Amino acid sequence: MADFHIRLDGVTKTYGSLRVVDNLRLDIIRGEFLSLLGPSGSGKTTILMMLAGFQDASEGTIYVDGNMINDIPSHKRNMGVVFQSYALFPHMSVAQNVAFPLKMRGFGRSDIRERVERALDMVQLSTMKDRKPSQLSGGQQQRVALARALVFEPGVVLMDEPLGALDKQLREQMQLDIRELHARLGLTIVFVTHDQSEALTMSDRIAVFNKGRIEQIDTPRMIYDHPATRFVAEFIGETNLMEGEIAGREGDEAMVRLSDGCMMRVRARDGLERGAKVLVTIRPEKVELSDPPAAANSFPVTVSDTIYQGDHFRVQLQGAGQRFIARRDRRAAEWPQGARLHATFAADDCWVIAP
Ligand SMILES: Nc1ncnc2c1ncn2[C@@H]1O[C@H](COP(=O)(O)OP(=O)(O)OP(=O)(O)O)[C@@H](O)[C@H]1O
Ligand SMILES: [Mg+2]
């Protein structure tokens, strides 16, 4: 049985008549890296603020280690926070910033000195301990914020888009650093992002939010390969969607009749009866393109555009009464506009969802 570190039970946050977090039920497993992913305004920051104790839940209960914490003030919650809006104190040095949570918690002077040194070592900023935040780069400031969140050895670290302001290279380095710290310290991390590739690379599980509710919570792999809803399929990466209905089943596979009459073989899933309306999703990198038709699930298509994207080509296609996108290796031929090809899909790569 999983060991739940944090439980949100029926947690709701309302502003007037607006329900920005709607009856949320979420169990966070001890030691996991959980990402909250969703579009702007879906309630991610609000959830983190309630966990940290900076905002009250309108309804519902939050438990940590089985104890209700709704009325516990934030500095007694044993949670480190790295919020974009919770910036470093500009008038304090790096070392004073990192020492701050320890002072708040009444640690002794020599204990503070030792812990601050260790935390700054961990983020490789020991040599900069006397600088002011304004004398640091954006990435160094984020590392100070990380050290400040970890210095009192909390069991839980809450992070709200901590890498949003960094350039790509530094962001990717920090992603690795945070993952490494997570593994080494055995932390439970709740990490807010609206960058889906960041969520896919960093997380043990991803909770995909839409309008204050969880659409799906699962491993990155399941979220990407087996999205539960159209919203998830479209929010995580690019996808092709085809409308149809279940025409029959054969073992692990189902036949789908597409709206233009074409038949497709897809991976079957439970609860789909003959006649059920479905959407078939297929990821662009799973679309095979060939000149002569391949075996099953093959449609004639016409290339409407091929865009060079460095490490791959993005091929826009028209066929079976709709548009498709394929992602092909850069070694693949660069097909001219108007080229007639066949698009082929393996049944296993075609995943059906309710429309
Ligand atoms: N103090 C407030 N009063 C009224 N509405 C608020 C308040 N704070 C937040 N909201 C609303 O709550 C909703 C959720 O906000 P939240 O900041 O949690 O979203 P988010 O998912 O973090 O978005 P983003 O990705 O843009 O940071 C938004 O529609 C926002 O306008
Ligand atoms: Mg936010």
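This passage walks through a predicted model of the protein, from its overall layout down to single residues.

Start with the big picture. The chain splits into two domains, with domain 1 covering residues 4-228 and domain 2 covering 238-353. Their C-alpha centres sit 39 Å apart. Taken as a whole, the C-alpha trace spans about 75 × 45 × 40 Å along its principal axes. The secondary structure adds up to eight helices and 20 strands. Of the 355 residues, 34% count as buried. As for how the chain meets itself, 63% of the contacts with a separation of 6 or more are between residues 24 or more positions apart.

An open sheet of four strands is a good place to begin on the details. Its order is β2-β1-β4-β5, and the pairing is antiparallel. The edges are taken by β2 (18-29) and β5 (67-68); each has a single partner strand, so one side of each has no neighbour in the sheet. Further in, β1 (residues 4-15) pairs with β4 (residues 59-64) through five bridges, again in the antiparallel sense. One pair to look for there is L8 with its bridge partner I62 in β4.

Helix α1 lies across β1, β2 and β4, and runs at about 60° to β2. This helix takes in residues 44-52 and is mostly covered, with nine of its nine residues buried. The buried set runs through K44, T45, T46, I47, L48, M49, M50, L51 and A52. Right after α1 comes G53, which has a positive phi near 90°.

The same helix turns up again at ligand 1, where α1 supplies three residues, the largest share of the shell. The full list around ligand 1 reads Y15, V20, G38, S40, G41, S42, G43, K44, T45, T46 and H194. By type, the shell is made up of eight polar residues, two nonpolar ones and one charged one. K44, T45 and T46 therefore appear both in the ligand shell and among the buried residues of α1, each having 20 or more other C-beta atoms within 10 Å.

Two residues in loops have backbone angles worth a look. D65, in the loop between β4 and β5, has a positive phi of about 50° although it is not a glycine. N78 is another non-glycine residue with a positive phi, in this case about 55°. N78 belongs to the loop between β5 and β6 (79-83). D65 has 13 other C-beta atoms within 10 Å, so it is partly exposed. N78 has 15 within 10 Å and is partly exposed too.

V98 gives a view of a buried spot in a helix. This valine is part of α2 (residues 94-104). V98 counts as buried because it has 30 C-beta neighbours inside 10 Å, and the cut-off for that label is 20 or more. Leaving out neighbours within four places in sequence, the contacts of V98 are V116, A119, L120, V144, A147, R148 and V151. R148 is the one to trace on screen: V98 and R148 are 50 residues apart in sequence, yet their C-alpha atoms are 4.3 Å apart in space.

Over in domain 2, which covers residues 238-353, three strands can be followed one after another. β16 (residues 298-308) and β17 (residues 312-319) run antiparallel and are joined by six bridges. Within this pairing, T302 has Q318 of β17 as its bridge partner. The hairpin of β16 and β17 has three residues between the strands, and G310 there takes a positive phi near 85°.

From β17 the pairing carries on to β18 (residues 322-329), also antiparallel, this time with eight bridges. Here Q316 stands opposite I325 in β18. The hairpin of β17 and β18 has two residues between the strands, and A320 takes a positive phi near 50°. β17 is thus a partner in both pairings, with six bridges to β16 and eight to β18.

Definitions and conventions. Residues numbered from 1 in each chain as written. Chains lettered and ligands numbered in written order. Predicted model: local features only at pLDDT ≥ 70, side-chain atom pairs only at ≥ 80, totals over all residues. Domains from an automatic or database assignment. Buried ≥ 20, exposed ≤ 12 C-beta atoms within 10 Å, placed from the backbone. Contact = placed C-beta atoms within 7 Å. Near = placed C-beta within 6 Å. Nonpolar A, V, L, I, M, F, W, Y, C, P; charged D, E, K, R; others polar. Pairing = 2+ DSSP bridges. Axes fitted to C-alpha atoms, helices over the stretch in contact; angles between N-to-C directions.
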